[in-house]
Amino acid sequence: MRDRFPLLVLGGLLLAGVLGAFLVRGAQRGGFADPLSTFRAEPDGARALYLLAQESGLPVARGMSDLRLLSGPQTLVLLAIDVEGAHEADPDQTQLAAAPDAGLADEVAPHQGFNALRAQQLDDAEVERVLAHVRAGHSLVYVPWGSRENPLLDALGMTLDKADATLPMRTLVAPVPTPYTLGVERVEAKVQAYLRLPKDAVTVLEDERMGRPVAAVVPVGAGRVLVMGAPELAMNRALARADNAQFWLSALNALGPGPYAFDEFHHGFTNERSIVDFARRYGLHFAVAQLLLGVVLWAGALKRFGRPLPLAEALRVGATDALFAMSRLYREGQHHAFAAGLIARGLTQQLAPLAGLPSHATAASVAEGLRARGRQDLARGLLDVARQSDAVRKDADLQALATSAAHVRERIHPAGTGRHRPGTP
């Protein structure tokens with residue numbers, strides 16, 4: 001127990017840290033999630049958008065698994081999701097970017113707390129799967145954070161121009177009537193990036209004063225992608241302005257019947273996965289490696305921390321003195337029969353588990369169980385010790401009984417045969 005104390009301390013600290021993290025997250029009331037996460041109830045979250053669609057009768061769901069496996073006619077909603085391989089096509093635009101952690105002016109999507117470790121980027125395989133899903137006739141809503149280009153925007157033939165971070169809130173209007181702006185007169189939000197569109201794109205919203213597109217629909221195969229350069233438009237604080245809420249309802253209805261899957265996996269929220277599901281997604285060799293890692297950790301937990309400590313000299317001498325004092329008491333009191341019974345009972349209790357019996361079983365029943373399991377040698381030795389214990393009358397008899405019991409104990413090992421010793425019966 002003493003040798004495992006460092007491991008127990010480490011486990012206790014880890015458990016306390018995990019419980020503390022859950023306590024802090026629970027006390028934040030939705031502030032633990034990233035900006036534009038549908039779990040975040042802060043002003044920069046998207047919980048209000050999710051509840052608005054739900055209360056309006058639209059079928060909505062939260063996606064908590066990666067996008068390598070897509071099935072069904074779902075409309076994906078990607079809000080402020082980082083894409084692997086993001087780059088800036090025009091380095092001069094970085095001069096308009098503010099310092100890090102500057103809110104909407106930041107070029108990198110911020111993460112809250114532990115989400116900085118759990119949140120993942122949309123990798124190349126997922127980008128290809130999402131594009132294949134759209135080409136098959138489904139829809140996608142993509143709201144990038146910042147103005148950097150990425151493989152998803154490159155596949156759409158679209159680039160972004162960084163909006164001046166010092167500009168106030170912009171008024172956005174529909175240049176032409178479309179189903180995406182049905183019932184919408186004006187939309188108010190801060191703009192992060194203006195869109196440079198391909199020829200086949202349809203502008204949905206543009207800056208009223210500057211005339212530059214902020215939201216557009218790009219056809220991809222048999223499907224459509226709605227891209228917006230104003231992530232604040234999806235935030236809780238923005239839905240109450242002007243016709244912002246109506247714009248989202250009209251746009252989602254125009255994109256298809258749903259269901260509308262808001263991606264939370266890349267915000268750091270995942271479902272629990274079994275080993276079978278892990279193997280199905282990434283291959284059986286990774287699952288086997290995971291099992292081997294668990295075995296190695298388990299084996300490491302059983303290992304002692306250092307060599308066994310030598311017995312202290314004072315403790316060794318004290319134990320020896322106590323043993324001699326006890327033996328003297330038995331000799332002087334003529335308790336040879338009682339001592340012999342203790343030796344026989346101790347051997348019986350030690351052999352009882354090998355016979356599949358409880359420790360309080362009798363010597364005869366233990367011997368019968370040993371015979372049934374093929375340990376006739378131990379059964380004979382136990383019965384011999386039991387018979388000798390009844391005939392002990394003096395010190396020499398007690399010493400011979402203890403020697404016989406020691407010889408029986410030496411035969412207890414999986415091989416089933418004892419080691420040969422000179423003079424062993």
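Guide: A cavity is a set of points, on a 1 Å grid over the protein atoms alone, where a 1.4 Å probe fits but cannot get out; its lining residues have an atom within 4 Å of a point. This is a predicted model: local features need pLDDT of at least 70, side-chain atom pairs count only at pLDDT 80 or more, and totals for chains, interfaces and linings use all residues. Residues are numbered from 1 along each chain as its sequence is written, and side-chain values use heavy atoms, leaving out hydrogens and water.

Visitor: Which residues line the largest cavity?

Guide: Asp34, Pro35, Ala80, Ala109, Pro110, His111 and His267 do. About 30 Å³ of space lies in this cavity.

Visitor: What makes four residues of the lining nonpolar?

Guide: Ala and Pro count as nonpolar and Asp as charged, while His falls among the polar others. The lining therefore divides into four nonpolar, two polar and one charged.

Visitor: What puts the buried residues of helix α11 on the same side?

Guide: Ala363, Val366, Ala367, Gly369 and Leu370 are the buried ones (under 20% relative accessible area, 1.4 Å probe, protein chains only). They cover an arc of only 160° around the axis, so they share one side of α11. The face turned away carries Ala364 and Ala372, which are exposed (over 50%).

Visitor: What do the buried residues of α11 pack against?

Guide: They pack against α10 (336–351) and α12 (376–390), with contact meaning heavy atoms within 4.5 Å.

Visitor: Where does a positive phi follow α11?

Guide: Just after α11, at Gly374, with a phi of about 80°.

Key
Helix = DSSP H or I, 4+ residues; strand = E, 2+ residues; numbered from the N terminus. Arc of directions from axis to C-beta. 1 Å grid on protein atoms, 1.4 Å probe; cavity = no way out; pocket = protein on both sides within 12 Å on 5 of 7 lines; lining within 4 Å. Points joined across faces, edges and corners; volume = space filled by probe spheres on them.
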